[in-house]
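Reader: I would like a close look at a single part of this model. Please take the largest pocket and the helices around it, then follow the side-chain links outward.

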Amino acid sequence: MGQICPSSTTPLGVVGHHHLRHSLLSHGRSKAPTEFPDLSFLPPEMAINILSHLSATELCLAGCVNEYWQQLADSELLWRGLCYSDWGKIDSFLPSGVNSVQSYKRLYMLMDDGASLFNGDCSSGLEFLIGNGVVGSSDRHIGCFLHESRRLHADKVLGLLLDRPGVLDELAGLLDFHGVFLPDALRRFFTEVPAPKARGYFLERLLTKFSHRYFDCNEDMGLSQETIYVLCYSLIMLSVDLGSPHVKNKMSKREFIRNLRGAVQGTPGDYLVNLYDNIYL
């Protein structure tokens, strides 16, 4: 970013527009600028707009430049924006809602610390977040937190869902699959809910939960929950078959359709063709 020039002692607003324009133009003409214009030369609204492009770490570092920069970097407007951009719809998991937030900077720091703890041990991290009033203790609040956060490690989320089946119910209920093609919906589901590494009871449980949710969102498709479950399991098996270098004889489209016709009677043949093509292509 270049060196930071010492802060000017000129009061804010005294510097004229001509001086500001000359300063900015001189920096623009420089081939290798060595200074960053002092934010005290700019209107507060413009300075905050510049700082709004920084990450939380960069904003904290900017506040170390001088007292005026510290005042700008502590702006609740900036930290509120960071809370929403980094943590999503925070009002969905805050136990008392956003009206109870006294400091967005403190809230951000608590969420950041809690996420770090969660990624080490999900139980300790969740206990920290609940204890500090960042996340509500109900399955609904926790499900919303998992849905909105993108900074949690997948294996820790999976561990939490294994211990808290109610959270899985809430998380699945937040997903909207209306009009979404089945393979695309399944991919989206496993983006939100980490897939286990091996087939077993929990994978079957996840597919059952997905089948219920997909059916609720697409009742007019004419597919039963049982049919959706069988199709999902077949799609996973097909994906493994086509993607594994250890399988030499790949399943053909004709074999895929023949295997399913007996299990999912009434499903149109062209729908099965589209399922295969979606995975193959």
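Author: What follows starts at the pocket and moves outward through helices, ring pairs and salt bridges.

The model is predicted. Its largest pocket holds about 370 Å³ of space. The lining counts 16 residues, and the closest to the centre are Phe190, Ala195, Ile236, Ser239 and Val240. By class, the lining has 12 nonpolar residues, one polar residue and three charged ones.

Which helices supply at least two residues each of this lining? They are H11, residues 182–192, and H13, residues 225–243. H13 gives the largest share, with five residues.

Now take H11 itself. Its buried residues are Leu182, Pro183, Ala185, Leu186, Phe189 and Glu192. Several helices help to cover them. Among the covering elements are H8 (139–148) and H10 (165–173). H12 (201–217), H13 and H15 (269–280) also belong to that cover. H13 therefore appears twice in this account: it helps to cover the buried residues of H11, and it lines the largest pocket. On helices in general, there are 3.6 residues a turn, so residues three or four places apart point the same way.

Aromatic rings come next. One aromatic cluster is formed by Phe177, Phe189, Phe190, Phe210 and Tyr214. Two of its members have been named already. Phe189 is among the buried residues of H11. Phe190 is among the lining residues closest to the centre of the largest pocket.

A pair of aromatic rings is described by the distance of the centres and the angle of the planes. Across the whole structure, a search finds 12 aromatic pairs. One of them joins Phe93 and Phe145. Their rings sit edge-to-face, 5.3 Å centre to centre, with 80 degrees between the planes. Phe93 lies in the loop between H5 (76–87) and H6 (104–120), and Phe145 lies in H8, so the pair ties together parts 52 residues apart in sequence. Are these two rings buried or exposed? Phe93 is buried, with a relative accessible area of 0%. Phe145 also counts as buried, at 1% relative accessibility.

A further edge-to-face pair is made by Phe181 and Tyr271. Here the centres are 5.8 Å apart and the planes make an angle of 90 degrees. Phe181 is in the loop between H10 and H11, while Tyr271 is in H15, so this pair ties together parts that are 90 residues apart in sequence. Phe181 counts as partly exposed at 26% relative accessibility. Tyr271 counts as buried at 13%, because the limit for buried is under 20%.

Charged side chains add further links. The count comes to eight salt bridges. What joins H10 to H8? Glu170 and Arg140 meet there in a salt bridge, 3.4 Å from N to O. Glu170 belongs to H10 and Arg140 to H8, and the two are 30 residues apart. Glu170 is partly exposed, at 27% relative accessible area. Arg140 is partly exposed too, at 43%.

H10 has a second partner. Lys209 and Asp169 meet in a salt bridge of 2.5 Å, N to O. Lys209 lies in H12 and Asp169 in H10, so the bridge ties together parts 40 residues apart in sequence. Lys209 has a relative accessible area of 23% and is partly exposed. Asp169 counts as partly exposed at 39%.

The third bridge involves H15. Lys253 and Asp277 meet at 2.9 Å, N to O. Lys253 is in H14, residues 253–261, and Asp277 is in H15, 24 residues apart. Both ends are partly exposed: Lys253 at 32% relative accessibility, and Asp277 at 21%.

Last, a return to H5, the helix on one side of the loop that holds Phe93. Leu78 lies in H5. It counts as buried, at 7% relative accessibility. Which residues touch Leu78, leaving aside its neighbours within four places in sequence? The contacts are Ile48, Leu51, Ser52, Leu59, Leu72 and Ala73. Leu54 is 24 residues from Leu78 in sequence, and their C-alpha atoms are 9.3 Å apart in space.

To put the links around H11 together: H8, H10, H12 and H15 all help to cover its buried residues. Of these, H10 is joined by a salt bridge to H8, and H10 is likewise joined to H12. Tyr271 of H15 pairs with Phe181 in the loop between H10 and H11.

Key: Residues are numbered from 1 along each chain as its sequence is written. This is a predicted model: local features need pLDDT of at least 70, side-chain atom pairs count only at pLDDT 80 or more; totals for chains, interfaces and linings use all residues. Side-chain values use heavy atoms; hydrogens and water are left out. On a 1 Å grid over the protein atoms alone, a cavity is a set of points where a 1.4 Å probe fits but cannot get out, and a pocket is an open set with protein on both sides within 12 Å along at least five of seven lines; lining residues have an atom within 4 Å of a point. Grid points are joined across faces, edges and corners, and a volume is the space filled by probe spheres set on the points. Helices (H or I, at least four residues) and strands (E, at least two) are DSSP runs, numbered from the N terminus. Ala, Val, Leu, Ile, Met, Phe, Trp, Tyr, Cys and Pro count as nonpolar, Asp, Glu, Lys and Arg as charged, and the others, Gly among them, as polar. Buried means under 20% relative accessible area, exposed over 50%, partly exposed in between (1.4 Å probe, protein chains only). Contact means heavy atoms within 4.5 Å. Rings of Phe, Tyr and Trp (its six-membered ring) pair if their centres lie within 6.5 Å; planes under 30 degrees apart count as stacked, over 60 as edge-to-face and the rest as tilted. A salt bridge is a side-chain nitrogen of Lys or Arg within 4 Å of a carboxyl oxygen of Asp or Glu.
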